Amino acid sequence: LVGSLILSPAAFAQATPIEQRVAELEQQLAVLKRQIENDKEVSVTKAKDAPIVTASAKDGFGIKSPDDSYKLKLSGYVQADARIFSDNRKDLGTTDTFTTRTVRLVFSGTVANKFDFFISPEFGTSTVTLPDAYIDWRLDPALKLRAGKFKAPFALERLQSTPVATFAEPSLVENLAPNRDSGVQLFGDIFHETLNYSLAFTNGVTDGGTSITDTNNDKEIGGRLWAQPFKNADNLALRGLGFGGAATYGHREDTALPSYKTAGQTTFFTLSGTTFDGPQTRYSPQASYYYRSLGIYGEYIASEARLTKTTKRQNIKNDGWVAAGSYVLTGEDASYKGIVPLKPFDLKKGGWGAFEVTGRYSTLDIDDKIFDPA
């Protein structure tokens, strides 16, 4: 048996101070590298979770989560009005005046990517009111549920958003349409957004009225269908065609009749001593057309109700219609949802916004046969 053992002198050699220092530095470098990687991971995680704050002329001020599941937006608008009458008589209420017609803050947003809310207090009058306050549950684009106080799904002109409305004041015929009401509403878009439907169950308001307090157990049901059959068509001339209809049915007991107002908000007719006493039905066919800078819309509204005065009861029918047109002088496309200026208002950059000319004709026929002796 023959064996050998070879030992190298290096096996017994100890590391030099330089080699020890190099090893220590390599170890420290590895620790620092790992720390940098950890800090980067933490920064990325914080960036993903950090809220995003925005401020722009288009959307106002807002804050949202990075995944858009939670949003809060603050905006507002002001409408100033100069009411100048050719027959300015104080006894008739036609006094020339300047007024702040609308001063509103708007709080809107999204919760959990499924619930949208809209709250808009009004500060334009001597008392603060709350015209809109509702929440939408988006189950699907074709099925949404709204609860709160909102515009009743009825009149075409009334449903146009206030900041983009063609006219600052509604037309005469809107005296017959419900304004805002409290309740619940199912709505949505179907058939590739060519048909919109709304079905509401609300407290019920008088013509032109807004829900404040509910005075009886009777409620109102209302529905609206709006079709844009060529919305997705290649033919540009047909895309802007829309038409539809709306109706409401409710019951009134000992409810006072409203006063009817002009576009200048002057009362011109009131049925004194007369109240609702029975069913009320409203219906309205309506249509609109937008092509490039041209916009046209119109609707007919009828309101049928049973009224009482002392011991006398009668059914009446009030009706009227409106036709309106507009043309954008600065070349932008006209739209029911408002005009997007090609050059936003900015004097330093030479932007004057968009300008349009508008015209409207409206009628209102009040049935006052309740005063007939027969």
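Let me begin with a term that I will need throughout: a residue counts as buried under 20% relative accessible area, as exposed over 50%, and as partly exposed in between. By that scale Asp68, with a relative accessible area of 29%, is partly exposed, and so is Lys64, at 30%. The side chains of Asp68 and Lys64 meet in a salt bridge, with 3.4 Å from N to O. Please keep in mind that what we are looking at is a predicted model.

Let me stay with the salt bridges, of which a search of the whole structure finds 15. A second one brings together the side chains of Arg83 and Glu169, at 3.5 Å from N to O. Arg83 lies in strand E3, residues 71-83, while Glu169 lies in the loop between helix H2 (156-159) and strand E8 (180-190), so this pair ties together parts that are 86 residues apart in sequence. Are these two residues, Arg83 and Glu169, buried or exposed? Both of them are buried.

A third salt bridge joins Glu220 to Arg282, where the closest N and O atoms are 3.4 Å apart. Since Glu220 lies in strand E10 and Arg282 in strand E14, the pair ties together parts that are 62 residues apart in sequence, and here again both Glu220 and Arg282 are buried. There is also a network, in which salt bridges that share partners join Asp81, Arg83, Arg101 and Glu169.

Glu220 takes me to the cavities, and there are two of 30 Å³ or more. The largest holds about 50 Å³ of space, and Glu220 is one of its lining residues, along with Ala152, Pro153, Ala200, Thr202, Ile221, Gly222 and Thr248. The elements that give two or more residues to this lining are strand E9 (195-202) and strand E10 (220-227), and E10 gives the most, with three residues. In character, the lining of the largest cavity divides into four nonpolar residues, three polar and one charged.

The second largest cavity has a volume of about 40 Å³. Its lining includes Asp207, Leu257, Tyr260, Phe276 and Gln280, and the elements that give two or more residues to it are strands E14 (275-291), E15 (294-309) and E16 (312-328). Which strand gives the largest share of that lining? That is E15, with three residues. The lining of the second largest cavity divides into six nonpolar residues, three polar and one charged.

Now to the aromatic residues, which form five aromatic pairs. One of them, between Phe115 and Trp137, is stacked, at 5.6 Å centre to centre and with 25 degrees between the planes. Phe115 belongs to strand E5 (residues 115-122) and Trp137 to strand E6 (residues 129-140), so the pair ties together parts that are 22 residues apart in sequence. Phe115 is partly exposed, with a relative accessible area of 30%, and Trp137 is likewise partly exposed, at 36%. Another pair, Tyr260 with Phe269, is tilted, at 6.4 Å centre to centre and with 40 degrees between the planes. Tyr260, which we met in the lining of the second largest cavity, counts as buried at 2% relative accessibility, whereas Phe269 counts as partly exposed at 22%.

I will finish with two places where a charged side chain meets a ring. Arg146 lies over the face of Tyr134, at 4.1 Å from the ring centre, and the charged end of Arg360 sits over the ring of Phe167, at 4.2 Å from its centre.

How values were computed:
Residues numbered from 1 in each chain as written. Predicted model: local features only at pLDDT ≥ 70, side-chain atom pairs only at ≥ 80, totals over all residues. Heavy atoms only, no water. 1 Å grid on protein atoms, 1.4 Å probe; cavity = no way out; pocket = protein on both sides within 12 Å on 5 of 7 lines; lining within 4 Å. Points joined across faces, edges and corners; volume = space filled by probe spheres on them. Helix = DSSP H or I, 4+ residues; strand = E, 2+ residues; numbered from the N terminus. Nonpolar A, V, L, I, M, F, W, Y, C, P; charged D, E, K, R; others polar. Phe/Tyr/Trp six-rings, centres within 6.5 Å; stacked < 30°, edge-to-face > 60°. Buried < 20%, exposed > 50% of the residue type's maximum accessible area, 1.4 Å probe, protein only. Lys NZ or Arg CZ within 6 Å of the ring centre and 35° of its normal. Salt bridge = Lys/Arg side-chain N within 4 Å of Asp/Glu carboxyl O.
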